[in-house]
Each structure stands twice: as C-alpha cells, then as structure tokens.
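User: I'm new to this one and would like a close look at a single part of it. Could you walk me through what sits around it, too?

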Amino acid sequence: MSRDDATTNERDESSETDEPTEAVSSDPDWPPDDATRAIVAARTADGPPDTTEIRELAAAAGYAVVGEVTQRRREDPTYDLGRGKAEELMRLAAATDAEAVIYDGSLSPGQTFSLGDLLPTGTAVIDRPRLALKLFADAADSRAADKQLELARLRYELPRLREAVARDASEDVRLRPEGDSRVLDVEKRIESAERALDEIADDRAARRAERRDAGFDLVALAGYTNAGKSTLARRLADEVDDPEFGDEPELRDDGRVDAERVGAEGDPADDGALAVADRPFETLSTTTRRAEIGGRRTLLTDTVGFLDGLPHESVRSFRATVDAIRAADCALLVVDTSDDPAALHRKLRVSLRAIEATDGSVIPVLSKADEVDAYGLAAAVEAYEAAVADLDPRNAPAVDALRPPIPVSVREESGLADLAAAVADALPTATAAVEVPNGGDTQAALSWAYDRSVVADVEYAGETIAVDLAGRPDVVAEAARRLRAEDTSP
Ligand SMILES: Nc1nc2c(ncn2[C@@H]2O[C@H](COP(=O)(O)OP(=O)(O)O)[C@@H](O)[C@H]2O)c(=O)[nH]1
Ligand SMILES: [Mg+2]
C-alpha cells in the first residue's frame, strides 16, 4: 500500500466518526402517517456530501425524510458506504421505522442486494436512478413518454435481475442468468421498446423536416432540472399551438401568464403554481410552441431537464429530449445563476454530456440573473467560464458548440433582447436580392415568402419589385426561385 493510500484511509476512518447522523424530528405529528418514511444516505469521495438535491427529489417522490447518514470516503465495494457507516444506517433505519433508504448515488446490483440484506427486513433500497425512474413515472404523460420510461426501467432492471438470478442459482450451474426465462423476457421487452421508440423518433424527425420546410427555425431549451427552462419557454412563446405539436393541455393558454407568476414568490396565492414549477419533472414530454425570436419564426421546444446520477443509458432512453436538442438549429442551455460554483460546474457537465454532439450552436443562458447583484453576476459568469474551461470535450462534446453566455431574468424582464439577438445571430441565415416584374404571379410568390418570414425588404419601382430576402437558407433559396420563376420577361 502506498503512503497516499494510508493517508486516505486515516481520513476515512476519522470521517466515519466526525459526521454524526442527523437527529430525527421531534415533532410528534411529523412525518404524516401516509408518507413513506425514508432515510437519505450519501457518500462523496471529496468534500462533505450535500444532500439538498436528493432530499428535494425524495420529497417530490412522496417520501418523508426522517433521517440522514452521510460519509466522506472512497467507494466501498460491498455497500458503497464503509461497513461501519452501513451498520449505522441499519441501526438508524431500525430506530426510525424507515421503510426506505434513499441512496444519493448509483449502487451496483451487488451493493443493492448487500445493503438490502443488512437493513431491517422490508426496508427498500432506492438509489438515485431508481428514484429518478419513480419521478419519471409520475410525469409520463404521452405514449412516447410511457415507452421511454418503460425502456429506461427495463434497462435499469436487467442487470439487477441478472444479479438476483445469479444469487438464486449460485449453487446450480444449470440455472445461469443467460438462460433464465425472466432475463430473456426482459431482454425481449427491451428490444421491442427500442423498436417502438425508433418509430416514434422517425416520425418526429419527419415532422421536424416538415417544419423546417415551412420556414421555421428549430430552437430547443436544454438544461438541468429546475434551471428555469419552462419559465423561459413560456416567456418567449408568442402564441398558442395546435395539439399536433404535442403540447400539454395546460400550456395551451398564453404562456405569458405563467411567466408573470414567477415574480410572485412568497405570495401565498401563488404557492400552488410555484410548487408545481419546482417539481423536478412536470412532464416527460417535450413541449413545442411557436415563438418569434429576433425576427425569426421559430418552433421552441421545452425539454425534460437533465439530472445528475442517471445512468447514461437511462438518459439515452429519453431520446425525445436528446433528439430535440441535437437536431435544433440552436439550443439554449439554461444554467441557474443562483447556483454555487460547484453546483454550476456539476450541472453544466451533466447537461453537456447528455446533449452529446450537436450540429447546431448552443447559447448558454445564465437564468434567474435577478437572484444575484452585479458582483454576483460577474462571479457567476466567471464560475461558468471556469467550468467550461475545465470540461473535456471528449466527455462533453457539446462544449465545442458553446457561444458566449447571456444573463437573463424572466422575473425582471432583463436580457431577453440580448438573448433574441444572440439567437438570430446563431441561426443559419442566407440573404438574396431579386428584382421581378410587379404582377399577380409575383404577388403569389411574395406571399409565400411572407408566410415563411423571409422578406426583409420590398421596394416597388414602377413595373418592377426589388425584394430582399433573409432567413433560413433553404427557404430563402426556394423563395428566390419562386420569385424568379414568375419573372417571364425575356
Ligand atoms: N428568481 C427567478 N426565479 C425564476 C426565474 N425563472 C424561473 N424561476 C424559478 O425557478 C424554478 C424553476 O423554473 P422552471 O422554469 O420550472 O425550471 P425547469 O425545470 O428548468 O423547467 C421555479 O421556481 C421558477 O419560478 C427568474 O427569472 N428569476
Ligand atoms: Mg420544465
């Protein structure tokens, strides 16, 4: 063992004792009888574990957190936590009658079973991916979302099922997991869910192509859960969409109403609205609305937020989100300015990794800029830039597509014009100038161009019309072709 290892071990041992478990609430009416009592457990190798997010997720999933056990230590192969800490967790679970242990991290199938064996009988072991799947289940609201969720679940369950089968069969070599009918069944269901999702993805891609042909630029909002994506989407949206675009029913009103509510934090009348917005997953379906941004006709897609600790394959299951972002002409990556630098760094890394490579450009939006003063904003920009510089493009390919960040506050209506200008600048643009005779046929071609918002200027000079076109390159080219086609002069 090297000297370094020995030092690590010393620190590990001391941290097992110097971080006491959290005292359980003394309020006799808490937790409510109907809530599932849970203990949160967390381990980090560096720095003290921060359980804020996992507690929020647990609460959103309907758990009452009645205790907490944390440890600063490197991973233990058996329990993830060190043995001593795991036993402390077991005693706390017994003392608090906890029905579940919510683990802030990803447990291997083996660790899940070992921890389950150690804990009082009947205590469920729920790691972060399982908790996320539970939250996703509440949010699934369309066939596509159901399929994505089913696939993510099956992929999560498969290695655990293999482990369970292997445990049962450890004495009997004939009962190996590969041949087990339950394992084969799950594998078959995974294949069929993948096929169904492929079809849905193909339909979506075809619809995106149609929308582009109709002159729309595709803009997607991406980012970590709770970053402020939906609020920004509602603020930017300028009209109600038709159901064909896959909107949630409650979003079919004018989006501005909800955006105004953002300013009402602390107003008891608006508690409900804020509570809903703070739920990590309002919906699993992507939502698309029309929005005129920087003079461009766009379709703005709000996506499901990313979440740390989801296994990569599970994120891939939510491909409606990933596809919408990757296929967008421009993605707005929403980063919460009010996060501390460490959280900002972590969330940016998770988001950029999930986006993977993208063909379009990515505009970082420093959201909730009203939460900080000028000094805090400068610090946030600095933290953002340090985080970007620190990211390895091999792990987070989308880092290469990043443009300069734009601070925005929907609450205070600041930065929105800068954002619009940045979007217009990022979108692919072509221009063309055509001079055509002023006639009925030209008017038809001109109105085609107007419908697709590519007419920048028109000048009538006697018999001829000079038209300046600007906008999506393919639409500009088609508009120019149609106008010239009407030009029958020799
Ligand atoms: N102070 C402040 N809060 C905001 C702003 N925009 C959004 N929020 C709040 O941030 C939380 C998450 O917003 P939401 O749009 O649901 O985030 P999403 O999960 O990324 O879609 C909500 O409580 C919003 O009210 C803003 O400009 N300023
Ligand atoms: Mg949202």
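How do the axes of helix 16 and helix 17 cross, and within what distance do they come?

Analyst: Keep in mind that this is a predicted model. The axes of helix 16 (residues 440-451) and helix 17 (residues 473-485) cross at roughly 170 degrees and come within 9 Å. An angle over 145 degrees counts as roughly antiparallel, so helix 16 is roughly antiparallel to helix 17. As for who meets whom, helix 16 brings T442, A445, L446, W448 and A449, and helix 17 answers with V475, E478, A479, R482 and L483.

Now step back along the chain to helix 15, which spans residues 416-426. Its buried residues are L416, L419, A420, A422, V423 and A426. They sit on the same side of helix 15, because they cover an arc of only 165 degrees around the axis. There's a simple rule behind patterns of this kind: an α-helix has 3.6 residues a turn, so residues three or four places apart point the same way. Over on the other side of helix 15, A417 and D425 are exposed.

What do those buried residues lean on? They pack against strand 5 (217-223), strand 6 (287-293), strand 8 (330-336), strand 9 (361-367) and strand 10 (406-407), plus helix 8 (229-236).

Next, the nonpolar cores. The largest has 51 residues, and Y63, I102, L333, L348 and L352 have the most contacts inside it. Apart from that one lies another core, of 24 residues, including L221, V334, A422 and L427. A422, then, is one of the buried residues of helix 15 and also part of this 24-residue core. Back to L348 for a moment: leaving aside neighbours within four places in sequence, L348 is in contact with L333, V335, Y384, A387, V388 and L391.

Strand 9, one of the partners of helix 15, has a curious residue in the loop on either side. E356 lies in the loop between helix 13 (341-355) and strand 9, while K368 lies in the loop between strand 9 and helix 14 (374-390). Neither is a glycine, yet phi is positive in both: near 60 degrees for E356 and about 55 degrees for K368. E356 counts as buried because its relative accessibility is 16%, whereas K368, at 24%, counts as partly exposed.

One last stop is E53, in helix 2 (residues 52-60). With 14% relative accessibility, E53 counts as buried. Its side chain makes a polar contact with the side chain of R128, at 3.1 Å. Not counting residues up to four places away in sequence, E53 also touches Y224, L307, D308, R346 and K347.

Definitions and conventions
Residues are numbered from 1 along each chain as its sequence is written. Chains are lettered from A and ligands numbered from 1 in the order in which they are written. This is a predicted model: local features need pLDDT of at least 70, side-chain atom pairs count only at pLDDT 80 or more; totals for chains, interfaces and linings use all residues. Side-chain values use heavy atoms; hydrogens and water are left out. Helices (H or I, at least four residues) and strands (E, at least two) are DSSP runs, numbered from the N terminus. Buried means under 20% relative accessible area, exposed over 50%, partly exposed in between (1.4 Å probe, protein chains only). A polar contact is a pair of N or O atoms within 3.5 Å; within protein, one must be able to donate a hydrogen and the other to accept it, and residues adjacent in sequence count only if both atoms are side-chain atoms. Contact means heavy atoms within 4.5 Å. A nonpolar core is a set of buried Ala, Val, Leu, Ile, Met, Phe, Trp, Tyr and Cys residues joined through side-chain atoms within 4.5 Å. The arc is that of the directions from the helix axis to the C-beta atoms. Axes are lines fitted to C-alpha atoms, for helices over the stretch in contact, and angles run from 0 to 180 degrees between N-to-C directions. Angles under 35 degrees count as roughly parallel, over 145 as roughly antiparallel, 65 to 115 as roughly perpendicular and the rest as oblique.
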